Amino acid sequence: MYRYLLVGLFVALLGACQSMPKHDDSLYVALGGQEGISKLIDIFIYEIGQTEETIHHFEDTDIDRFREKQIEHICKLSGGPCVYTGDEMKPVHEGMNISESEFNAITNAMIRALNTAGVSIGSRNRLLAIIASMRAEVIYQ
Amino acid sequence: MKFLYNLCLLLVTSQLIFLSSKVIAGGKLVGTSGVTQIEGSGGGGLVPWATLPGYGTRDEKGGAAFFSAVSVDDFRMSSYGASYAYYDRFEISFAHQKFKSDDKKTDLAQNVLGMKVRLFGDLVYTAWPQVALGAQYKNANNTNSILSLGAKDDHGVDYYLAATKAWLDGPFHRNFVLNTTLRYSKANQLGLQGFGGDKRNSYQGLFEVSAGIFITRYWVLGTEYRQKPDQLSSVKEDDWKDIFIAFFPNKKSAISFALVDLGRIGGKGRQTGGYLSIQLTY
């Protein structure tokens with residue numbers, strides 16, 4: 001009986017382990033956690049302000065809300081313990097008709113922010129790959 | 001034909017001047033323009049890629065001008081030209097190549113007029129590669145010496161299909177680029193030694209491949225291989241290969257350096273040496 005229980009427990013544990021989502025927060029940690037990401041987004045917002053060709057898209061933006069949602073989003077995307085309470089990528093960019101070139105300009109602003117924040121090239125590429133994967137939901141909406 | 005070349009050169013040059021004056025800064029990410037290969041098409045060093053010159057997106061135009069020099073044991077080659085990309089869809093290019101031996105016995109040259117159309121895909125952003133179809137019309141000078149080598153013609157067209165893909169965040173969290181090109185050609189030594197030969201006078205499929213890693217955002221380290229035909233019994237021809245490093249300091253320029261192995265050329269032994277290329281993009 002004891003033996004069956006042990007086997008049962010073992011099988012149950014195995015199942016539990018498998019059903020547990022594999023959680024990888026290494027990018028979140030590499031970005032410096034909540035503090036690092038907040039700093040990154042502050043620099044990112046500054047860099048967006050320096051990007052003339054896309055500035056018109058931000059004319060009516062509530063910067064405080066934008067900052068908060070950006071931090072949540074990057075936190076969540078990098079595997080951090082955050083809930084993103086902002087809008088989905090597709091609807092939020094609807095009607096903006098963001099061109100490829102404008103998307104790239106903002107991506108470049110993020111690259112400059114990552115450089116300034118001193119994020120390593122490996123972590124930078126990881127985050128950029130995530131951003132790039134959302135491109136189709138952002139451009140020409 | 002000469003008139004056509006001059007016309008095209010004029011066209012490409014005037015477009016470049018137009019572009020540089022209007023400063024249509026391309027929107028693509030630095031490095032994604034690629035460089036210009038020795039026949040004037042957007043690509044790596046030896047191999048044409050599916051990439052178009054410059055950083056223009058689908059709403060923009062772009063262009064490039066280049067100069068390349070190759071120095072191997074017994075020969076020197078130089079190549080210069082310009083290219084123009086239209087809305088990330090069409091490319092037109094022109095290049096002039098000179099090929100000389102150190103002993104002055106060989107003195108060849110040719111003009112290359114290139115066209116390329118991007119069929120589908122985006123180098124960085126689509127899961128599938130960027131694929132392009134291209135053609136290179138080549139017209140060699142020195143017709144008599146070319147024909148005396150056993151070549152059947154002094155002009156010809158190469159056709160190629162190129163697939164190029166960049167991976168963000170590949171192994172070691174680095175960005176990678178891989179290109180494969182299938183060329184359909186009759187050209188001897190790029191066409192400098194004419195087209196077709198006594199051993200073979202028909203088109204054949206040739207395989208070309210390039211691979212590179214972005215060590216940083218600005219530096220790419222890579223290698224290329226270009227299969228070559230061997231159609232003349234008077235002079236042997238071997239496949240070409242190189243190891244290259246390219247530097248993209250900004251979106252306006254690129255410099256590449258390569259160690260090349262061009263195999264046997266013009267009756268001489270194996271030719272190895274260096275390759276240097278400078279590109280300005282608009």
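Start with chain B of this predicted model and select strands 3 through 14: these 12 strands close into a barrel, in the order 3-4-5-6-7-8-9-10-11-12-13-14, with antiparallel pairing. Step around the barrel and the twist averages 20 degrees from one strand to the next.

For a closer look at one pairing, keep strand 4 of chain B and strand 5 (residues 90-101) of chain B on screen. The two run antiparallel to each other and share 12 bridges. Zoom in on F90(B) in strand 5, which is the bridge partner of Y86(B).

Next, light up the largest nonpolar core, made of 37 residues. A246(B) and V260(B) have the most contacts inside this core. Strands 3 (61-72), 4 (75-86), 7 (130-140), 8 (155-167), 12 (240-247) and 13 (253-264) of chain B each supply at least two of its residues, and the largest share, 4 residues, comes from strand 13. Now center on A246(B): leaving out residues up to four places away in sequence, its contacts are V35(B), V220(B), A254(B) and S256(B). Apart from that core lies another one, of 29 residues; select I106(A), V119(A), L127(A) and V177(B) to see some of its members.

Last stop, chain A: show helix 6 (residues 100-116) and helix 7 (residues 121-133). Their axes come within 11 Å and cross at roughly 160 degrees, which makes helix 6 of chain A roughly antiparallel to helix 7 of chain A. The crossing is right-handed. Turn on side chains to see who meets whom: T107(A), M110(A), I111(A) and L114(A) from helix 6 face R124(A), L127(A), L128(A) and I131(A) from helix 7 in the contacts between them.

Conventions:
Residues numbered from 1 in each chain as written. Chains lettered and ligands numbered in written order. Predicted model: local features only at pLDDT ≥ 70, side-chain atom pairs only at ≥ 80, totals over all residues. Core = buried A, V, L, I, M, F, W, Y, C linked by C-beta atoms within 7 Å. Buried ≥ 20, exposed ≤ 12 C-beta atoms within 10 Å, placed from the backbone. Contact = placed C-beta atoms within 7 Å. Pairing = 2+ DSSP bridges. Axes fitted to C-alpha atoms, helices over the stretch in contact; angles between N-to-C directions. Parallel < 35°, antiparallel > 145°, perpendicular 65-115°, else oblique. Left-handed = near helix turned anticlockwise from the far one by under 90°.
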